[in-house]
Amino acid sequence: MSTEIKVPTLGESVTTATVARWIRKVGERVERDEALVELETDKVTVEVNAPEAGTIEAIAADEGAEVEVGALLGTIVAGGTASAAPPEAKPAAIPTAGVNPPPSPSGPVARGGHAPLPAAQKLMTEQQLEPAQIGTGSGKDGRITKGDVLSVLEKPKPAAAPATPKPPRTDDVREERVKMTRLRRTIAARLKEAQNNAAMLTTFNEVDMSAVMALRAEYKDAFEKKHKGVRLGFMSFFVKACVAALREFPAVNAEIDGDDIVYKNFVNMGIAVSSPNGLVVPVLRDADRMSFPQIEAAISDFGKRARDGALKLDELSGGTFSITNGGVFGSLMSTPILNPPQSAIMGMHKIQDRPMAIGGKVEIRPMMYLAVSYDHRIIDGREAVSFLVRVKESIEDPRRLMLEI
């Protein structure tokens, strides 16, 4: 009896997927819960596992096909066995003297030639030699021996004539056309949607990272030891600083729904991370209730699972505000694009030593440019600038975060 392999439920608002790759083929034996096929959705790649042990009987949706939730992908027959390999070709029978031999695997016997002995035939096949290249052998009745083949192989080969260079062709492959993945198409569509539908502006500021870097250097070892390997990075400080600023300026954490403005009394912080298939934004749910170690552990886990393609669909939706860090790639300044329906996103950048005027003197300080892109339909310039100033103040004096001021 056959068991159907169907497209599973893919997550909130996701109804279709693309068959990205069949991991197992027709005729192969599989175990229960073994990965069979990868489906690419608008957000992540999902593996579909075998509903039971058996043999893949048929594939109903080829790679590249668009499939809906519940659609048939293929079937498994329980208790089946893998398709048998085709029988090996039997070696040609050795003919008796005086009888014209049948063609050998390496080609027909040359006129006037004699059949090779088995050992010679094996070597000729390996070296892609024809009997005509050996001639009459030294064996009984002129049969070719292994020694005859070795003698031919030991002879120096005539130098090959230099190949005549071919004129360049206009159709030489100097381009490669690759179909966009479903995730890349979705990213492109959403970014274009943000540009088309939002009145998007960006404001900039710069932050002195000295205090946070000193605090991190002083406590990172104790932090990692106490929290069982969780490392203290910079992201938790920025998440905490944004949470504090969002409480003061709730419009930055709101969204437009038709003619309404929806204010959120919670913070679901999107953290942009790079994956092999593109940028994804998993969400720290209720980030306003999370501690420093909880934030650092969650972000580290997001990064690892993004690289492994193991993020879940429900982890990529529901964000109210996002942070992206182009500094990890060396970006000094950029204008991040909104992640709809969110109304604002903050961009972090590379930390770079720069001369700064401090108390009437020039000092070298580790500085970072910050950028906030926002939807001007809902957020006024005063609110966006003030929000970024609050983040700057919290990072330059981390004690504010501890005291929540």
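# Notebook: salt bridges, an open sheet and helix 7

I began with Arg24, which I found to be buried because its relative accessible area is 19%, and the cut-off for buried is under 20%. I note here that the model is a predicted one, and I keep that in mind for each entry below.

**Entry on charged pairs.** I looked for the partner of Arg24 and found that its side chain meets that of Glu28 in a salt bridge, at 2.8 Å from N to O. Glu28 has a relative accessibility of 28%, so I put it down as partly exposed. The general background is that side chains of opposite charge can pair when their charged atoms come close. I then searched the whole structure for such contacts, and the search returned 18 salt bridges.

Another of these pairs is formed by the side chains of Glu255 and Lys264, which meet at 2.9 Å, N to O. I checked both partners for cover: Glu255 counts as buried at 16% relative accessibility, and Lys264 counts as buried at 17%.

**Entry on helix 7.** I turned next to helix 7, which covers residues 292-308, and compared its length with expectation. At 1.5 Å a residue its 17 residues should span 24 Å, and the end C-alpha atoms lie 25 Å apart, which agrees. I then asked which residues of this helix are buried, and the list I obtained is Phe292, Pro293, Ile295, Glu296, Ala298, Ile299, Phe302, Gly303, Arg305 and Ala306. Just after the helix, I noted that Gly309 takes a positive phi of about 70°.

Within helix 7 I also followed up a charged pair, since the side chains of Arg305 and Asp301 meet in a salt bridge with an N to O distance of 2.9 Å. The two residues are four apart in the helix, and are therefore separated by about one helical turn. Their cover I looked up separately: Arg305 is buried at 17% relative accessibility, whereas Asp301, at 33%, is partly exposed. Still on the subject of salt bridges, I recorded one network in which bridges with shared partners join Glu248, Arg390, Glu393 and Arg400.

**Entry on the open sheet.** In what order do the strands of the open sheet stand? I traced four strands in the order 5-4-2-7, with antiparallel pairing. The edge strands are strand 5 and strand 7 (66-68), each of which pairs on one side only. From one strand to the next, the twist averages 45°. As background, strands of a sheet pair through backbone hydrogen bonds, either parallel or antiparallel.

I went through the pairings one at a time, starting with strand 4 (residues 35-40), which is mostly covered, as six of its six residues are buried. Strand 4 is joined to strand 5 (residues 45-49) by five bridges, and the two run antiparallel. Looking up individual partners in strand 5, I found that Leu39 is bridged to Val46 and that Glu38 is bridged to Glu47.

Strand 2 (residues 16-22) pairs with strand 4 in the antiparallel sense over four bridges, and with strand 7, again in the antiparallel sense, over three bridges. I picked out Thr18 to see what stands opposite it, and found Glu40 in strand 4 and Glu66 in strand 7.

**Entry on a surface patch.** Which residues make the nonpolar surface patch of about 250 Å²? I identified them as Phe204, Leu332 and Met333. I looked further at Phe204, which lies in strand 9 (residues 200-208). Its relative accessible area is 36%, so Phe204 is partly exposed, and this value also fits the patch criterion, which asks for over 30%.

Definitions and conventions
Residues are numbered from 1 along each chain as its sequence is written. This is a predicted model: local features need pLDDT of at least 70, side-chain atom pairs count only at pLDDT 80 or more; totals for chains, interfaces and linings use all residues. Side-chain values use heavy atoms; hydrogens and water are left out. The expected span of a helix is 1.5 Å times one less than its number of residues. Buried means under 20% relative accessible area, exposed over 50%, partly exposed in between (1.4 Å probe, protein chains only). Two strands pair if DSSP finds at least two bridges between them. Patches are made of residues with over 30% relative accessible area and no salt bridge: like charges are joined within 9 Å, nonpolar side chains (Val, Leu, Ile, Met, Phe, Trp, Tyr) within 5 Å. Accessible areas come from the Shrake-Rupley method with a 1.4 Å probe; for residues, only the protein chains shown count as cover. A salt bridge is a side-chain nitrogen of Lys or Arg within 4 Å of a carboxyl oxygen of Asp or Glu. Axes are lines fitted to C-alpha atoms, for helices over the stretch in contact, and angles run from 0 to 180 degrees between N-to-C directions.
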